[in-house]
Amino acid sequence: MSDRRAFATIFDFNGVLVDDEELHREGFNHALKPHEIEIDREAYEAKYLGFDDRGAFDAMLSDFGQPRTRAIVDGLIAVKARFYEARARSGALKIFDKARDALALAASMGPVAIVSGALRAEITLALELMASTDEVGFICAAEDVAKCKPDPEGYFSAIDWLFNVHPTVALADAVVIEDSLAGIESAKAASLPVWAVAHSYERAVLERSRTDRTFETLADVLDALRARG
Ligand SMILES: [Mg+2]
């Protein structure tokens, strides 16, 4: 490995590796039922996709004119987390085709990180279900940052990890795989190269963002990752 050039790959999680936005929407609605709030798919995609749980619950309560103390939001996050885990373990978590292959290929080419607004437990559970835990060297989850995407804080922490643990990897040899506009903004604000996969937004929409390249599916991303070597 030492005489080979190493490439770092930093994956977003929701919408890139796991197809769980509908599961999240169900979780938000389950938790918000006592508040008589229901978020339909259109509103969810337009307003809340890309937020972490705290940001989304905060925005939802605010949009419906309801009080949003830290204790209320903490309680909602906990209810949603229990719902998500139970549903995911019962087989409701959809993993994108080639997600496991993309992680394995990336890990064979250099360090792999995940930077996500998901809770750490959701990410580690999905990696466990995919048998991909060993491929990922670093996870920056919702609990690890003060500001969620589009803020670059999560990507800056991945850069810190690269500098400290893999100092021979050049940042120009790193790539971020994202699906959302907020995620692309976040990675570009950290000056990282970004490839977008059209899982959540139309390719034409992504092409108008600051992404460096766009791909239709993870299979196309896999081909491009392989071509880096
Ligand atoms: Mg995403």
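**Stop 1: the second largest cavity**

Select Ser 116, Val 145, Cys 148, Lys 149 and Gly 154. They lie nearest the centre of the second largest cavity, whose volume is about 80 Å³. In total, 13 residues line this cavity. By class, 6 of the lining residues are nonpolar, 3 are polar and 4 are charged. Keep in mind that you are looking at a predicted model.

**Stop 2: the largest cavity**

How many cavities of 30 Å³ or more does the structure hold? There are 2. The largest cavity encloses about 210 Å³ of space. Select Asn 14, Glu 21, Gly 50, Phe 51 and Gly 117, the closest to its centre among 21 lining residues. Next, colour the helices. H1 and H2 each give at least two residues to the lining of the largest cavity. H1 has the largest share of that lining, with 3 residues. Now colour by class. The lining of the largest cavity has 9 charged residues, 6 polar ones and 6 nonpolar ones.

**Stop 3: the whole chain**

Zoom out and show the cartoon. You should see 10 helices and 8 strands. The radius of gyration is 17 Å, close to the 17 Å that the globule rule gives for 229 residues, so the chain is as compact as a globular protein of that length. Turn the chain to view its principal axes. Along them, the C-alpha trace spans about 60 × 35 × 30 Å. Of the 229 residues, 49% count as buried. Contacts reach far along the sequence too. Take the contacts between residues at least 6 apart in sequence: 64% of them join residues at least 24 apart.

**Stop 4: two domains**

Give residues 8-19 and 94-228 one colour; together they make up domain 1. Give residues 21-92 another colour; they form domain 2. The centres of domain 1 and domain 2, taken over C-alpha atoms, are 23 Å apart. Where the domains touch, 14 residues of domain 1 are in contact with 16 residues of domain 2. Look back at the largest cavity with these colours on. Its lining draws at least three residues from each of domain 1 and domain 2.

**Stop 5: the largest pocket**

Select Asp 19, Glu 21, Glu 22, Glu 45 and Leu 49. Of the 18 residues that line the largest pocket, these are the closest to its centre. The largest pocket holds about 390 Å³ of space. Which helices each supply at least two residues of its lining? They are H1 (21-32), H2 (41-48) and H4 (70-92). H1 gives the most, with 4 residues. Colour by class once more. The lining of the largest pocket has 9 charged, 6 nonpolar and 3 polar residues. Both domains take part, each with at least three residues in the lining of this pocket.

**Stop 6: the second largest pocket**

Now find the second largest pocket, with about 190 Å³ of space. Select its lining in two steps. Start with Asp 52, Asp 53, Arg 54, Gly 55, Ile 77 and Leu 119, which are among the lining residues. Then add Ala 142, Glu 143, Val 145, Ala 146, Lys 147 and Cys 148, which complete the lining. Helix H3 (residues 53-63) brings the largest share, 3 residues. The classes here are 6 nonpolar, 5 charged and 1 polar. Again, domain 1 and domain 2 each supply at least three residues of the lining.

**Stop 7: helix H3**

Stay with H3 and show its side chains. Asp 53, Ala 56, Phe 57, Ala 59, Met 60 and Leu 61 are buried in this helix. What do the buried residues of H3 pack against? Their partners are H1, H2, H4 and helix H6 (120-130). Now step past the end of H3 to Gly 65. Its phi is positive, near 65°.

**Stop 8: helix H4**

Finish on H4. Select Val 73, Leu 76, Ile 77, Lys 80, Phe 83, Tyr 84 and Ala 88, which are buried. An α-helix has 3.6 residues a turn, so residues three or four places apart point the same way. Now show the neighbouring helices. H1, H3 and H6 are included in what covers the buried residues of H4. Select Ile 77 by itself. This residue of H4 is buried, and Ile 77 also lines the second largest pocket.

How values were computed. Residues numbered from 1 in each chain as written. Predicted model: local features only at pLDDT ≥ 70, side-chain atom pairs only at ≥ 80, totals over all residues. Heavy atoms only, no water. 1 Å grid on protein atoms, 1.4 Å probe; cavity = no way out; pocket = protein on both sides within 12 Å on 5 of 7 lines; lining within 4 Å. Points joined across faces, edges and corners; volume = space filled by probe spheres on them. Nonpolar A, V, L, I, M, F, W, Y, C, P; charged D, E, K, R; others polar. Domains from an automatic or database assignment. Rg over C-alpha atoms; globule rule 2.2 N^0.38 Å. Buried < 20%, exposed > 50% of the residue type's maximum accessible area, 1.4 Å probe, protein only. Contact = heavy atoms within 4.5 Å.
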